[in-house]
Amino acid sequence: MKLPTYDSLLLDIDQHVATITLNRPDKRNAFNDDVIQELTDVFQFCAEQDEVRAVVLTANGKAFCAGADLNWMRAMADYSHDENLADAGKLAQMLATIYHCPKPTVAAIQGDVYAGGMGLVAACDIAISVKNANFCLSEVKLGLIPATISPYVIRAMGARAAHRYFLTAEVFDAKEAKKIGFIHERVDEEEFTQSLDNLVKHLVNASPNAVKVCKKLVQDVAYAEINEQLIKDTVAGIADIRASAEGKEGVQSFLQKRQPSWLE
């Protein structure tokens with residue numbers, strides 16, 4: 001497979017795992033228009049590859065992502081309202097592309113996460129971090145608000161924690177990030193790669209179709225009212241997956257005590 005190349009990030013696909021690495025360490029992997037477009041493009045590419053069963057988003061350097069690039073911020077300072085709408089729309093599209101990627105996504109956080117970088121983490125399904133990473137929603141200190149990333153960050157940390165950290169712009173550590181549910185795991189730096197590999201192995205070994213459908217199930221059900229329509233939809237969901245080729249293969253392989261076809 002010929003992989004696309006990018007200026008601000010690296011892409012590698014190996015053993016069904018696509019690894020996207022933010023690669024602007026000198027800029028603390030901060031956003032600009034090019035980074036936003038490239039992230040949108042690469043997640044769209046990974047979504048379309050049958051070979052890919054999981055996507056890992058990580059970064060080179062001391063920071064995972066420091067939010068907006070300073071030069072980009074200088075340019076935005078002179079934008080009109082319409083230009084700001086268009087600019088924010090591109091960021092929103094990038095986050096939505098990550099969130100709705102049909103493959104399971106993992107944010108592998110090797111360093112600090114600030115402002116817009118928090119949106120990147122929150123848009124992923126799973127987040128694992130080194131213990132010495134710091135987190136911050138710093139927008140109000142600049143007279144701004146974390147509006148575009150808010151749907152994802154609030155889902156990740158909950159409204160109560162968002163009230164505090166949106167309003168105070170405090171820096172908090174990985175221990176607090178795990179406590180409020182923003183990340184799932186915090187590990188020592190020397191254990192980071194092995195912990196990530198163990199996590200991704202679970203994703204890769206599961207039924208690709210079931211993982212895809214299950215991801216959408218969580219998104220659809222999480223904030224839905226439990227009513228007759230939701231019950232009807234979930235009943236249809238289990239009926240559909242049971243009747244699917246992978247659903248039948250998975251049950252048969254379990255009963256026959258053999259590996260399912262997607263692991264052969």
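Q: How much space lies in the second largest pocket?
A: About 520 Å³ in this predicted model. A pocket is an open set of 1 Å grid points, over the protein atoms alone, where a 1.4 Å probe fits, with protein on both sides within 12 Å along at least five of seven lines. Volume is the space filled by probe spheres set on the points, joined across faces, edges and corners.

Q: Which residues are closest to its centre?
A: Y99, C124, D125, I126 and V218, out of 23 that line the second largest pocket (an atom within 4 Å of a point).

Q: And which elements give two or more residues to that lining?
A: Helices α4 (116-123), α5 (150-157) and α9 (208-221), plus strand β7 (126-130). These are DSSP runs numbered from the N terminus: helices H or I, at least four residues; strands E, at least two.

Q: Which one gives the most?
A: α9, with five residues.

Q: Why does this pocket lie between the domains?
A: Because domain 1 (9-203) and domain 2 (206-256) both give residues to its lining. The bounds come from an automatic or database assignment.

Q: New topic. How much space is in the largest pocket?
A: About 690 Å³. It has 25 lining residues, and A68, M76, E139, L144 and I145 are the closest to its centre.

Q: Which helices supply at least two lining residues there?
A: α2 (70-76) and α3 (81-99). α3 gives the most, with four.

Q: How are residues numbered, and what counts?
A: Numbering runs from 1 along each chain as its sequence is written. Local features need pLDDT of at least 70 and side-chain atom pairs 80 or more, totals for chains, interfaces and linings use all residues, and side-chain values use heavy atoms, without hydrogens and water.
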